[in-house]
Amino acid sequence: MAILLYDLVGQDGRRFSSNCCKTAYALAHKGLAFETIPTRFTEIAEIGDGSFKTIPVIRDGDRWVGDSWDIALYLEETYDDRPSVFGGSAGIEYARFYASWNASRIHPLVMTMIVHDIYERLDPADQPYFWESRAKRLGRPIDEVVMGREDRLPELRARLEPLRRVVSDQAFLGGEAPIYADYLAMSPFIWGRRMSPFVLVEPDDPVHAWVHRCLDLYDGLLRQDTDHDW
């Protein structure tokens, strides 16, 4: 029986969650069959016993697991006969660093650049919730948040320098093959490509080449749902 992955969906069936994409990569890395269940923000409360507040959520037989990090750990432990998502035990701490770096330095800045584009691509039923919750989180209306985003782009690209230095010298953060640290660092770019025309990285940036190596993984698993190819 395939694992079920509850995945955020916008207009026209577009899957866009940066967190859900980490789980899709982890499942593919393990070689596990899975099916995605398109889920709107307003439908999350209907998952399982109603206790989940966010997605991704997976159902693996009788087991329900939420949160992309917890799911990755669950898959690593439960399917230890399959390729390690983390590249071994030390890779868990390596991934933990990238999770913290992404959450503190990259994800919030990208959010200020694309939040209104995300809103415009959501199902109309989700738009009021998204507008109110993100405006509260960001401290002002989301159409104001994105103003001046071009001026913030050099700062984003400067913050990518640690990632840039590594992927300039090797194919992935994991070396010749990807590991969960790659999927963590990749997630904001999936988010941006699928929901916004705003270009985050230029073609001559080593980060751009790494993004496309990640997009090629698992038969192009996460290349879909985009209107452009930056």
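# Exercises on a predicted model

Pro203 is exposed, its relative accessible area being 59%. This value, like the others below, comes from a predicted model. Let us work through the structure together.

## Exercise 1: A proline in a loop

Task: Find where Pro203 sits, and work out why it counts as exposed.

Solution.
- Step 1. Look between H8 and H9: Pro203 belongs to the loop there.
- Step 2. Exposed means a relative accessible area over 50%. Pro203 has 59%, so it counts as exposed.
- Step 3. Now turn to Trp230, which is 27 residues away from Pro203 along the chain. The C-alpha atoms of the two are separated by 7.0 Å.

## Exercise 2: The helix after that loop

Task: Decide whether helix H9 is mostly covered or mostly open, and say which elements its buried residues pack against.

Solution.
- Step 1. Helix H9 covers residues 206-215, and seven of its 10 residues are buried. The helix is thus mostly covered.
- Step 2. The buried residues of H9 are Val207, His208, Trp210, Val211, His212, Cys214 and Leu215.
- Step 3. Their packing partners are H1, helix H7 (161-169), H8 and helix H10 (217-220).

## Exercise 3: Two helix pairs

Task: Describe how H1 packs with H2 and how H6 packs with H7, and name the orientation of each pair.

Solution.
- Step 1. Recall what to look for: a pair of packed helices is described by the angle between the axes and the distance between them.
- Step 2. For helix H1 (residues 18-29) and helix H2 (residues 68-78), the angle is about 10° and the axes are 9 Å apart. Angles under 35 degrees count as roughly parallel, and H1 and H2 are therefore roughly parallel to each other.
- Step 3. Look at who meets whom. From H1 come Asn19, Lys22, Thr23, Ala26 and Leu27, and from H2 come Ser68, Ile71 and Leu75. This contact of H1 with H2 is made up of four nonpolar, three polar and one charged residue.
- Step 4. For helix H6 (residues 149-159) and H7, the angle is about 50° and the axes are 5 Å apart. H6 and H7 are therefore oblique to each other.
- Step 5. Arg157, Ala158 and Arg159 of H6 meet Glu161, Pro162 and Arg164 of H7. The residues of this contact of H6 with H7 divide into two nonpolar, no polar and four charged.

## Exercise 4: The largest pocket

Task: Give the volume of the largest pocket, and find which helix gives the most to its lining.

Solution.
- Step 1. The largest pocket holds about 660 Å³ of space.
- Step 2. Its lining has 27 residues; Ser17, Ser18, Asn19, Ile55 and His107 are those nearest the centre.
- Step 3. At least two lining residues come from each of H1, H2, helix H3 (89-120), helix H4 (127-138) and helix H8 (180-195). H3 gives the most, with six residues.
- Step 4. Sorted by kind, the lining has 15 nonpolar, seven polar and five charged residues.

## Exercise 5: Unusual backbone angles

Task: Find the peptide bond that is cis and the residues of H10 that have a positive phi.

Solution.
- Step 1. Start from the usual case: most peptide bonds are trans, and most residues other than glycine have a negative phi.
- Step 2. The bond from Ile55 to Pro56 is cis, with omega near 25°. Pro56 lies in the loop between strand E2 (34-39) and strand E3 (57-60).
- Step 3. In helix H10, Tyr218 has a positive phi of about 55° although it is not a glycine. Tyr218 counts as partly exposed, at 27% relative accessibility.
- Step 4. Asp219 is also found in helix H10, and its phi is near 60°. Asp219 counts as exposed, at 82% relative accessibility.

## Exercise 6: Tyr74 and Gly13

Task: Say whether Tyr74 is buried or exposed, and how far Gly13 is from Asp225 in space.

Solution.
- Step 1. Tyr74 is in helix H2. Buried means under 20% relative accessible area; Tyr74 has 9%, so it counts as buried.
- Step 2. Leaving aside neighbours within four places in sequence, Tyr74 is in contact with Ile58, Asp60, Arg63, Val65 and Tyr79.
- Step 3. Gly13 lies in the loop between strand E1 (3-8) and H1, and counts as partly exposed at 39% relative accessibility.
- Step 4. Gly13 and Asp225 are 212 residues apart along the chain, while their C-alpha atoms are separated by 8.4 Å. For Tyr74 and Ile118, 44 residues apart in sequence, the C-alpha to C-alpha distance is 30 Å.

Terms used. Residues are numbered from 1 along each chain as its sequence is written. This is a predicted model: local features need pLDDT of at least 70, side-chain atom pairs count only at pLDDT 80 or more; totals for chains, interfaces and linings use all residues. Side-chain values use heavy atoms; hydrogens and water are left out. Axes are lines fitted to C-alpha atoms, for helices over the stretch in contact, and angles run from 0 to 180 degrees between N-to-C directions. Helices (H or I, at least four residues) and strands (E, at least two) are DSSP runs, numbered from the N terminus. Angles under 35 degrees count as roughly parallel, over 145 as roughly antiparallel, 65 to 115 as roughly perpendicular and the rest as oblique. Contact means heavy atoms within 4.5 Å. Ala, Val, Leu, Ile, Met, Phe, Trp, Tyr, Cys and Pro count as nonpolar, Asp, Glu, Lys and Arg as charged, and the others, Gly among them, as polar. On a 1 Å grid over the protein atoms alone, a cavity is a set of points where a 1.4 Å probe fits but cannot get out, and a pocket is an open set with protein on both sides within 12 Å along at least five of seven lines; lining residues have an atom within 4 Å of a point. Grid points are joined across faces, edges and corners, and a volume is the space filled by probe spheres set on the points. Buried means under 20% relative accessible area, exposed over 50%, partly exposed in between (1.4 Å probe, protein chains only).
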